[in-house]
Amino acid sequence: MFSKILVPVDMSSPEPGAKSCVQARQMQEAWGAEVKLLSVVPGYSMPLVSTFFPEDAMEKMQATVLADLEKVAAKFFDKVPECEVISGKRSQEILRFADEWKPDLIVFGCRPKDMVGGELMLGSVGLSVSEKAKCNVLIAR
């Protein structure tokens with residue numbers, strides 16, 4: 001049914017990503033889909049912001065996040081998917097990556113919000129991706 005599945009995982013809050021990994025693994029096993037895990041770290045490209053960090057801070061952060069993302073992939077998948085880390089604004093970068101890689105499905109983890117009816121609400125990134133993606137989006141709760 002789906003041949004390419006993108007799984008964005010926020011490594012600063014990986015619990016929702018665990019839910020999406022479980023869903024994606026089931027689909028990978030059922031349909032033989034290619035799965036790719038993606039994490040987006042904040043971008044420090046503004047000149048004023050970048051002066052507060054050492055020159056190699058972004059490379060070190062991306063390497064650390066990639067190592068953690070690969071551990072998540074190994075934990076949840078028998079056939080370990082490719083993992084990638086990019087920087088920028090999360091929703092924009094997930095959508096840009098999806099436009100380039102062209103998945104059939106994005107499996108997005110979501111945790112309940114701390115408010116009345118919060119279990120039904122999406123965060124800003126999940127909402128933006130689900131509204132603007134050019135493919136199907138599955139919200140894993």
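# Reading a predicted fold, starting from Trp31

Author: In this structure Trp31 has a relative accessible area of 38%, so the residue counts as partly exposed. The model is a predicted one.

Reader: What is the mean pLDDT of the protein chain?

Author: The general idea comes first. Coordinates in a prediction should not be read in detail where pLDDT is low. Here the protein chain has a mean pLDDT of 86, with 84% of its residues at 70 or more.

Reader: Which elements have the lowest and the highest mean pLDDT?

Author: Helix α2, residues 47–50, is the lowest with a mean of 56, and β1 is the highest with 97.

Reader: Back to Trp31. How many aromatic pairs are found in the whole structure?

Author: One aromatic pair turns up in a search of the whole structure. To describe a pair of aromatic rings, one gives the distance of the centres and the angle of the planes. In this case the ring centres of Phe2 and Trp31 are 5.6 Å apart and the planes stand at 65°, so the pair is edge-to-face. The step from angle to label rests on a cut-off: planes over 60 degrees apart count as edge-to-face.

Reader: Which parts of the chain does the pair tie together?

Author: Phe2 belongs to the segment before β1 and Trp31 to helix α1, so the pair links parts 29 residues apart in sequence.

Reader: Is Phe2 buried or exposed?

Author: Phe2 has a relative accessible area of 15%, so it is buried, because the cut-off for buried is under 20%.

Reader: How many helices and strands does the protein chain have?

Author: The protein chain has five helices and five strands. Read from the N terminus, the elements follow the order β-α-β-α-α-β-α-β-α-β.

Reader: What is the order of the strands in the sheet?

Author: In general, the strands of a sheet pair through backbone hydrogen bonds, in a parallel or an antiparallel way. This sheet is open and has five strands in the order β3-β2-β1-β4-β5, with parallel pairing. β3 and β5 (136–140) are at the edges with a single partner strand each, so each has one side without a neighbour in the sheet. From one strand to the next, the twist averages 25°.

Reader: Over how many bridges do β1 and β2 pair?

Author: Strand β1 (residues 4–8) pairs with β2 in the parallel sense over five bridges. One bridge to look up is that of Lys4, whose partner in β2 is Glu34. Between the two strands the chain passes through helix α1 (residues 15–31), and this β-α-β crossover is right-handed.

Reader: Where does β2 pair with β3?

Author: β2 and β3 (residues 82–87) pair over six bridges, again in the parallel sense. Leu37 stands opposite Cys83 in β3, and Val40 has Ile86 of β3 as its bridge partner. As for cover, seven of the eight residues of β2 (residues 34–41) are buried.

Reader: Which strands does helix α3 touch?

Author: Helix α3 (residues 57–76) packs on the sheet and touches β2 and β3, its direction making about 150° with that of β3. Ala63 is a residue of helix α3. Its C-alpha atom is separated by 8.2 Å from that of Val85, which lies 22 residues away along the chain. Ala63 itself is partly exposed, with 47% relative accessibility.

Reader: Which residues is Gln28 in contact with, leaving aside its neighbours within four places in sequence?

Author: Gln28 sits in helix α1. With neighbours within four places left aside, Gln28 contacts Ala33, Val35, Phe77 and Lys79. Its relative accessible area is 7%, so Gln28 is buried.

Reader: And Glu93: is it buried or exposed?

Author: Glu93 counts as buried, at 14% relative accessibility. The residue is part of helix α4 (residues 90–101). Beyond neighbours within four places in sequence, Glu93 is in contact with Val40, Ile86, Ser87 and Gly88. Among these, Val40 and Ile86 are the bridge partners named above.

Reader: How many of the 141 residues count as buried?

Author: The share is 40% of the 141 residues in the protein chain. Of the contacts with a separation of 6 or more, 71% join residues 24 or more positions apart.

Conventions
Residues numbered from 1 in each chain as written. Predicted model: local features only at pLDDT ≥ 70, side-chain atom pairs only at ≥ 80, totals over all residues. Heavy atoms only, no water. Buried < 20%, exposed > 50% of the residue type's maximum accessible area, 1.4 Å probe, protein only. Helix = DSSP H or I, 4+ residues; strand = E, 2+ residues; numbered from the N terminus. Pairing = 2+ DSSP bridges. Right-handed = clockwise from strand over helix to strand, strands pointing away. pLDDT = per-residue confidence, 0-100. Phe/Tyr/Trp six-rings, centres within 6.5 Å; stacked < 30°, edge-to-face > 60°. Axes fitted to C-alpha atoms, helices over the stretch in contact; angles between N-to-C directions. Contact = heavy atoms within 4.5 Å.
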